[in-house]
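Okay, thanks everyone, let me get the model up on the screen. I'll talk you through one helix and then work outwards from there.

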Amino acid sequence: MGRFRDVVKRYRVRPCELSEIEHFNALESNKTSQISEGKTPISWFAAEDVETGELLGSIGILMIGKTAHGRGLFVLREHRGAGLGSCLVREMERLAREFGASVFKVKTAEHGVFNRVGGYKWTGKEYKTFNGREYVKEM
């Protein structure tokens with residue numbers, strides 16, 4: 001837990017508009033990162049460095065009934081491996097509970113971060129278009 005506290009001290013997550021983070025879409029040449037399809041109302045949040053204000057990543061939550069759908073989890077490549085992704089997943093879970101979710105679902109090709117956070121189960125659904133899987137966690 002000590003490492004997580006250190007990570008939390010370095011980053012801040014705040015509400016934002018899609019226009020502030022949509023440039024992340026163009027950063028991944030292999031098309032595995034899709035911040036938004038632009039079709040649904042999503043609550044967006046930007047992750048930034050506390051000292052510099054630099055945008056480092058993003059998360060989004062789409063609520064459908066009591067199910068929160070994680071969207072747009074992204075961390076700049078040069079900041080990966082430092083715990084920010086796990087911090088963002090935990091923040092998505094916190095926000096989902098705050099929004100009244102009883103279930104959290106995510107479709108991702110980045111399985112590792114959800115395994116590190118824990119509690120996620122693979123639903124059996126696979127998405128060949130981005131080499132991803134769907135995971136679910138009871139809140």
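Let's start in H3, where Leu84, Gly85, Ser86, Cys87, Leu88, Val89, Glu91, Met92, Glu93, Leu95 and Ala96 are buried. Buried here means under 20% relative accessible area, exposed means over 50%, and partly exposed is in between, with a 1.4 Å probe and protein chains only. That is 11 of the 15 residues of H3, so the helix is largely enclosed by the rest of the structure.

Before I go on, the small print. This is a predicted model, so local features need pLDDT of at least 70 and side-chain atom pairs count only at pLDDT 80 or more, while totals for chains, interfaces and linings use all residues. Residues are numbered from 1 along each chain as its sequence is written, and side-chain values use heavy atoms, with hydrogens and water left out.

Now the overall layout. There are 4 helices and 7 strands, and these are DSSP runs, numbered from the N terminus: H or I with at least four residues for a helix, E with at least two for a strand. Going along the sequence, you get α-β-α-β-β-β-α-β-α-β-β. The protein has 139 residues, and 43% of them count as buried.

Does the length of H3 come out short, or as expected? The expected span is 1.5 Å times one less than the number of residues. For the 15 residues of H3 that should be 21 Å, and the end C-alpha atoms are 21 Å apart, which agrees. After H3 comes Gly100, with a positive phi near 95 degrees.

What does H3 pack into? The largest nonpolar core has 32 residues, and Leu84, Phe104 and Tyr120 have the most contacts inside it. H3 gives the most to this core, with 6 residues. By nonpolar core I mean a set of buried Ala, Val, Leu, Ile, Met, Phe, Trp, Tyr and Cys residues joined through side-chain atoms within 4.5 Å. As a general point, nonpolar side chains in soluble globular proteins tend to be buried together.

Have a look at Tyr120. Leaving out residues up to four places away in sequence, Tyr120 touches Val89, Glu93, Phe104, Phe114, Tyr135, Val136 and Lys137, where a contact is heavy atoms within 4.5 Å.

Two names in that list, Glu93 and Lys137, also form a salt bridge, with the closest N and O atoms 3.0 Å apart. Glu93 lies in helix H3 and Lys137 in strand E7 (residues 132-138), so the pair ties together parts that are 44 residues apart in sequence. Both Glu93 and Lys137 are buried. The rule for a salt bridge is a side-chain nitrogen of Lys or Arg within 4 Å of a carboxyl oxygen of Asp or Glu, and by that rule the count is 8.

Another one sits within H3: Glu91 with Arg94, closest N and O atoms 2.8 Å apart. They are 3 residues apart in the helix, separated by about one helical turn. Glu91 counts as buried at 17% relative accessibility, whereas Arg94 is partly exposed at 37%.

Away from H3, Arg133 and Glu126 meet in a salt bridge at 3.5 Å, N to O. Arg133 is partly exposed, with a relative accessible area of 27%, and Glu126 is partly exposed too, at 45%. And last on my list, Arg12, Arg14, Glu20 and Glu48 are linked in a network of salt bridges.
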